Amino acid sequence: MKLMSNIPIDDKYLNSAKEILGEDNILFAVVGDLEMKGSYGSSAMVFGRDALVAFDNSYENGCIRIEYENVIRAKVKRMYGNAMFRVKDTDGKWHNVIRFSYAAADIGDAAAIFVENVRDEGYSDSLLDVVKSTYEKMRCFCPKCGRKLQSPDSPCINCQGKSKMFSKLIQYIAPQKWNLLLCIVLSAFTTGLSLVPTYITSVLVDDILPSGSMKRLVQVVVFLAVLYIVQYTVTGVRQYRLRLASDSIITGLKKDIFAKAQYLPMKFYDKSSTGSVINRINSDTATVQGFIMKISQEAIVQFFTMVGIIVIMFSLNWQLALLALCPIPIVVFIARRFGKIVAPKYRRLWRRSSSISTMLTDSIPGIRVIKAFSNEKSVINKFNRYCDEWKKEDCQTGLYAAIFPTLITFFVTCGSLLIWGVGGSWTISGEFGVSAGILVSFITYATQFYNPVNFFANLGDSYENAVASIEKILDIIDAEPEQDFGDFKSEEPLQGKIEFRNVNFSFDRSKKVLSNINLTIEPGDTVGIVGTTGSGKSTLINLIMRYYDDYEGEIFVDGKNIRDIDMAYFRSQIGFVQQEPLMFRDTVYKNIAYGCGDVHVEEVLHAAQIANAHTFISKMPDAYDTVLGERGVGLSGGEKQRVSIARAVLKNPGILIFDEATAAVDSETEFLIQGAIERLIRGRTTIMIAHRLSTLRKANKIVVVDKGEIIECGPPEELMKKKGKYYKLVQIQSMSEQLLKEKQSENFE
Amino acid sequence: MILRYIDGPEVRFTVKDKIFVDMEFYHTGEVFRDMELRRMFPVSGKNKYIAVVDGEGNEQAMIRDVDNLDKYSREAVLSCLEEYYMMPRILKFVNMSDKFKIWMWTAETDKGTVTFEIRNHLTAVKPLYDNRVLIKDANDNRYEIPDYTKLDKKSRKMLIPNL
């Protein structure tokens, strides 16, 4: 059987480990990519049933054996950009075992838990589960394309759809194919019509003018007038149809990007600025719109024009036609070179433009803070700097975008000069049957012919610009959405039993946020989660809410792994009241009924009453019809909080979560909110995070989280008797409350 | 808590075990054992404002500038920081390939040759104003290019489109 290992282990290490631990004893390995001295190299730990062997050049014999029974503590010490597996021996001395980059940090954590568990309980196969689940997570690759997946069951986004960039755009163009086809036919028609006057010119010069026939001249002029009327009428119709098609295509694309953005995991938003997402929906789609129109219409029209002119030119005089084609190879060469040079520049330009959008989305909503700190000048300077950088990049790109087309136009004009010079001499000498009329129409055709040549030569500029935009759009469209492959749904609300089993989590590998979380919450429990700021309380809630799904271990609700439950159903069963509730720019009524489709008015009023929100809402001039400003402007913090509780009431969830719901309000408002909460939590599993421990007086269980670990858990009375961390927190708060009371009474006197 | 600044050679730092130091104040005789060092500005001001923290992460003192310490302490502090902070300096790019929008970059660094994965070059590659470039790979490991304009032509050609 193949050894479990993060990357294949060197045979020399494996063979040596087999000798030291015994072949049957070997369970798994952690392979490092750094040497103890800090340079890239190889190191490894092979874990057996009762001991591990570590390999590193720093060891005297190249390796060291460590018995689990001699290990008091095992842990991964995360440093900056690297980590160390460390063990504490029975003398209390820490030893650095091997060193690795963050690539092996997660599996190192699992190995440390394994070592401590084996030391405590003796080896059993079940202890390997922690390690196995970490390995499984590390090995989630698409069997077809090799792209890393978030979980073994998740489909590969890359293989699901067509991988080619432009082929993905076809799905947006396809619904408009008839409209576009009609436009192409109309284009071909108008292009054909536009070639006629040039032909008539040669007839005019060679036949009509020498014959002196006024009648024929009038006929020609009337014919041309009718031709122009038809041509421009058809052009108008075509442009309108084209606008319809183009708007439909781009609306579809915008809708899809926005819809996809709703289902992207929180990790995407942790790493991407909102400005860059907005930039993709607005400006990039406009760039792509322009390009799609260029390709689907202009390119086809220009192509037809070019072919049509070539055919006419060869039919008029093939020698002159060949002369006209002379500059083409040079033009093609320059166009290709231009594409290569300008492509990276457009990517850089996109970055600069994205920086400007990010700055705008940061500063405009934060205008109150900017004003409060009189920081207008600094913000303006920063914005100016971003604009200047964009300008600099755009000017550089513009330089290339100006030089290359000019060069192309120059060579194209040289082609015209050839026709003037060589063709003119043939007309004078009477060679190759080049009459004056043919020469004149040839010169006009050549000018018309070089338009499409110029167009195709310069298409590279728009192409590279569009490619840069499409790449960014596909960043969203192709991004892995939230994992929602569970299909469990029920008509009944959730009972609310929550279990965390061996849960480990980190936002990025540089710092572990939750370690080895094991917790059971029974249905109807009211659980208070306490701990200092940054201890991991909110992250615990984020995992229950499935905002982050890539944790190690498992979370069960009512005995079902939450990853196996339909996401929409699951979240509909949870009422989440946050510290800073987000209100939308809409009426108070709609803010309460947010996410609840067909809800009766009285249900909303009832929810507002339970949440102690009805009184203040009914006192507002427009009551429930009051339109809130952006992010709830118009309501105080406590009022927003009560609207948010009303939302939760309306949802009638099986599980309720309060994340510091009363942290930012005064005592009187807290009292009102507390009353609302107490009415709401009856009979439901409730999890409350609170700094003010008085908020938790209804809790029948307290969980104390410290540095990502649960250090105490149990009924509050028991924890008080234990005189641990919870006891200390209660003491500190009682003291500060006492001091506050004394101060208040002093002021009162 | 008021920060206790260390301005000059009033303290002696002694390396204990790679990333741990003992800190001894000459004038008070106080000794703090098994301290760790943390850069407050690991990206911008590397050897200025170094916090001295205990095993619980509580800050005990702050070194204003490592250069102001005596030679022995300075070497001790720098060696600890060198161990703790691993941000290899990229000297040259050997190869950049991309498959299915996942970039694999191979680079020669001051710590040896390394191949790493970049998921999204827009967020992973951060150019700073002084031509420095910071790179964070898919595993959250960090790399630094002190001045990208000083890379060889081939490396620059590979890198610049990503800036």
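Reader: In this predicted model, does Thr685(A) count as buried or exposed?

Author: The place of Thr685(A) in chain A is strand β16, which spans residues 685-689. Its relative accessibility is 0%, and the limit for a buried residue is under 20%. Thr685(A) therefore counts as buried.

Reader: Which residue offers its backbone nitrogen to the side chain of Thr685(A), and at what distance?

Author: Leaving out residues up to four places away in sequence, Thr685(A) touches several residues, including Glu522(A), Pro523(A), Gly524(A) and Asp525(A). Others that Thr685(A) touches include Gln495(A), Gly654(A) and Leu656(A). The side chain of Thr685(A) reaches the backbone nitrogen of one of these residues, Gly524(A), at 3.0 Å.

Reader: Where does Phe671(A) lie, and is Phe671(A) buried or exposed?

Author: Phe671(A) belongs to helix α21 of chain A, residues 667-681. The C-alpha atom of Phe671(A) is 9.4 Å from that of Thr695(A), 24 residues apart along the chain. With a relative accessible area of 63%, against a limit of over 50% for exposure, Phe671(A) is exposed.

Reader: Which residues are in contact with Phe455(A), leaving aside its neighbours within four places in sequence?

Author: Phe455(A) has its place in helix α14 of chain A and is buried, with a relative accessible area of 10%. The C-alpha atoms of Phe455(A) and Glu298(A) are separated by 8.8 Å, although the two residues are 157 residues apart along the chain. Leaving aside neighbours within four places in sequence, the contacts of Phe455(A) are Lys294(A), Glu298(A), Ala299(A) and Gln302(A).

Reader: Among contacts in chain A between residues at least 6 apart in sequence, what percentage join residues at least 24 apart?

Author: Chain A has 23 helices and 18 strands. Of its 749 residues, 50% count as buried. Among contacts in chain A between residues at least 6 apart in sequence, the share that joins residues at least 24 apart is 69%.

Reader: How many disulfides does the structure hold over all chains?

Author: A disulfide is a covalent bond between the sulfur atoms of two cysteines. Cys183(A) counts as buried at 0% relative accessibility, and Cys387(A) is partly exposed at 24%. Over all chains, the number of disulfides is zero.

Reader: What area do chain A and chain B bury between them?

Author: The size of an interface is often given as the accessible area lost when the parts come together. The contact takes 44 residues from chain A and 43 residues from chain B. Of the area buried between chain A and chain B, 49% is on carbon and sulfur atoms, and the total is about 3,600 Å².

Reader: Which residues in chain A lose the most area to chain B?

Author: The two chains bury about 3,600 Å² between them. Three residues in chain A together account for 25% of what that side buries. These residues are Tyr40(A), Tyr80(A) and Arg351(A).

Reader: Which element gives the largest share of the side of chain A that touches chain B?

Author: Between chain A and chain B, 14 residue pairs are in polar contact. On the side of chain A, the elements that each supply at least two residues are β6, β7, β8, α11, α13 and α14. The largest share, six residues, comes from α11(A).

Reader: How many residues of the side of chain A that touches chain B are charged?

Author: Residues of the side of chain A that touches chain B divide into nonpolar, polar and charged. The nonpolar residues number 14 and the polar residues eight. The charged residues number 22.

Reader: Which residue of chain A forms a salt bridge with Glu83(B)?

Author: The count between chain A and chain B is three salt bridges. In one pair that crosses between chains, Glu83(B) lies in helix α1 of chain B and the partner in strand β8 of chain A. Glu83(B) is buried at 16% relative accessible area, and the partner is buried at 1%. The closest N and O atoms are 2.5 Å apart, and the partner is Arg99(A).

Reader: Which residue of chain B forms a salt bridge with Glu83(B)?

Author: The pair links distant parts of the chain, 65 residues apart, with the partner in the loop between β2 and β3 of chain B. This partner is partly exposed, with a relative accessible area of 21%. The closest N and O atoms are 3.6 Å apart, and the partner is Lys18(B).

Technical notes:
Residues numbered from 1 in each chain as written. Chains lettered and ligands numbered in written order. Predicted model: local features only at pLDDT ≥ 70, side-chain atom pairs only at ≥ 80, totals over all residues. Heavy atoms only, no water. Disulfide = S-S within 2.5 Å. Buried < 20%, exposed > 50% of the residue type's maximum accessible area, 1.4 Å probe, protein only. Helix = DSSP H or I, 4+ residues; strand = E, 2+ residues; numbered from the N terminus. Polar contact = N/O pair within 3.5 Å; in protein donor to acceptor, adjacent residues only side chain to side chain. Contact = heavy atoms within 4.5 Å. Buried area = accessible area lost by both parts, 1.4 Å probe. Salt bridge = Lys/Arg side-chain N within 4 Å of Asp/Glu carboxyl O. Nonpolar A, V, L, I, M, F, W, Y, C, P; charged D, E, K, R; others polar.
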